[in-house]
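User: I have a structure to discuss and would like to go through it step by step. May I show it to you?

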Amino acid sequence: MAESIKKRFGLLGKNISYSFSKGYFAEKFASGSLNDLSYENFDLQDISEFETLIENNHQELAGINVTIPYKEAVIPFLDKLSKKAKLIGAVNTIKFTRNGKLKGYNTDYYGFKKAIKPLLAEHHKKALILGTGGASKGVCFALDELGITYTFVSRIKNENTISYEDLDQDAFAEHTIVINATPVGTSPDITAFPAVPYQYFTPQHIAFDLIYNPAVTQFLSKAAVQGAQTKNGYDMLVYQAEKSWEIWNK
């Protein structure tokens, strides 16, 4: 009897030894006695290495998650995108179709939307999104679906963003949701935090950090001191991971 081919899944990123996904899926496969499945980190120093990765492993690969900094950079290497991934402009899930094509999806928006929804109250109508990278794109798509308007905050001001220097008491009074979509504060650099005026957080605010390691970032800690409701990225990751699993198996 021929040995069945082992299905491999993995995470595409750079410097991702800290990754949530590998441990999460390893535990999922073990608890479900899915012994013919594996999940590993594909730690690439440059996205140009992606083609070689696929060429060398395409027969066993069944699905890949994508994290910083490749959520946008991976798109040219894919054969097609889902409608929502195309609209969002970022991919965090890749499915290998039956005919060997690579199709990109975005489950970040789904995970974020499901994670923040229970926190929302009537006065949460506007959000500040810190960062303009691939992670922020899923966030703004989810906010659109929730009917929440948003303003991007970046180090460099342009026609679509304001700068950190623009953040004052009025900006915080108007925007009662503040979302950290940057990697600032991620382990191991856990003393770092985005340069926002934390004194303007209030109990009316939600501070949401897409980071999950550490569980309480400096961003969340400083916002909590002012009474803000806080949430890290762990639940978002679980929701998006389960959505990825659903896509790979449908």
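The conversation below covers the sheet, the cores, a hairpin and some helices.

Analyst: Please note at the outset that this is a predicted model.

User: Understood. In what order do the 6 strands of the open sheet come?

Analyst: The order is β9-β8-β7-β10-β11-β12, and the pairing is parallel.

User: Which ones are the edge strands?

Analyst: They are β9 (161-163) and β12 (229-231), each of which pairs on one side only. On average, neighbouring strands of this sheet are turned by 25 degrees against each other, direction ignored.

User: How many bridges link β7 and β8?

Analyst: There are 5 bridges between β7 and β8 (residues 149-154), in the parallel sense. One bridge pair is Lys-126 with Thr-149, the latter in β8.

User: Which strands does helix α7 lie across?

Analyst: Helix α7 (residues 218-225) lies across β7, β10, β11 and β12. Relative to β11, α7 runs at about 170 degrees.

User: Let us turn to the interior. Which residues of the largest nonpolar core touch the most other members?

Analyst: This core has 24 residues, and those with the most contacts to other members are Phe-112, Ile-129, Leu-143, Ile-179, Phe-208 and Leu-210. At least two core residues come from each of α4 (108-116), β7 (126-130), α5 (134-146), β10 (177-180) and β11 (206-209). The largest share, 6 residues, is supplied by α5.

User: What is Ile-179 in contact with, leaving aside its neighbours within four places in sequence?

Analyst: Its contacts are Phe-112, Ala-127, Leu-128, Ile-129, Leu-130, Val-139, Leu-143, Phe-208 and Leu-210.

User: What does the second, separate core include?

Analyst: That core has 18 residues, among them Leu-44, Leu-61, Val-74 and Leu-102.

User: Leu-102 is in β6, I believe. Which way do the residues of that strand point?

Analyst: In β6 (residues 102-105), Leu-102 and Gly-104 point one way, whereas Lys-103 and Tyr-105 point the other way. All of these residues are buried. As general background, side chains in a regular strand alternate between the two faces of the sheet.

User: Does β6 pair in the parallel or the antiparallel sense with β5?

Analyst: The pairing of β5 (residues 93-96) with β6 is antiparallel, over 4 bridges. Phe-96 stands opposite Leu-102 there. The two strands form a hairpin with 5 residues between them, and Gly-100 in the turn has a positive phi of about 85 degrees.

User: And how do β4 and β6 run?

Analyst: Strand β4 (residues 80-81) and β6 run parallel and are joined by 2 bridges. Within β6, Lys-103 is the bridge partner of Lys-80.

User: Now the helices. At what angle do α4 and α5 cross?

Analyst: Their axes cross at roughly 55 degrees and come within 8 Å. α4 is therefore oblique to α5. The crossing of α4 past α5 is right-handed.

User: Which residues meet there?

Analyst: From α4, Tyr-109, Phe-112, Lys-113 and Ile-116 meet Gly-138, Val-139, Phe-141, Ala-142, Leu-143, Glu-145 and Leu-146 of α5.

User: One last topic: where is Tyr-24 found?

Analyst: Tyr-24 is found in helix α1 (residues 20-31). Leaving aside neighbours within four places in sequence, Tyr-24 is in contact with Val-238, Ala-241 and Glu-242.

User: How far apart are Tyr-24 and Val-91 in space?

Analyst: They are 20 Å apart, C-alpha to C-alpha, and 67 residues apart in sequence.

Methods: Residues are numbered from 1 along each chain as its sequence is written. This is a predicted model: local features need pLDDT of at least 70, side-chain atom pairs count only at pLDDT 80 or more; totals for chains, interfaces and linings use all residues. Side-chain values use heavy atoms; hydrogens and water are left out. A nonpolar core is a set of buried Ala, Val, Leu, Ile, Met, Phe, Trp, Tyr and Cys residues joined through side-chain atoms within 4.5 Å. Buried means under 20% relative accessible area, exposed over 50%, partly exposed in between (1.4 Å probe, protein chains only). Contact means heavy atoms within 4.5 Å. Two strands pair if DSSP finds at least two bridges between them. Axes are lines fitted to C-alpha atoms, for helices over the stretch in contact, and angles run from 0 to 180 degrees between N-to-C directions. Angles under 35 degrees count as roughly parallel, over 145 as roughly antiparallel, 65 to 115 as roughly perpendicular and the rest as oblique. A crossing is left-handed if the near helix is turned anticlockwise from the far one by less than a right angle, and right-handed if clockwise.
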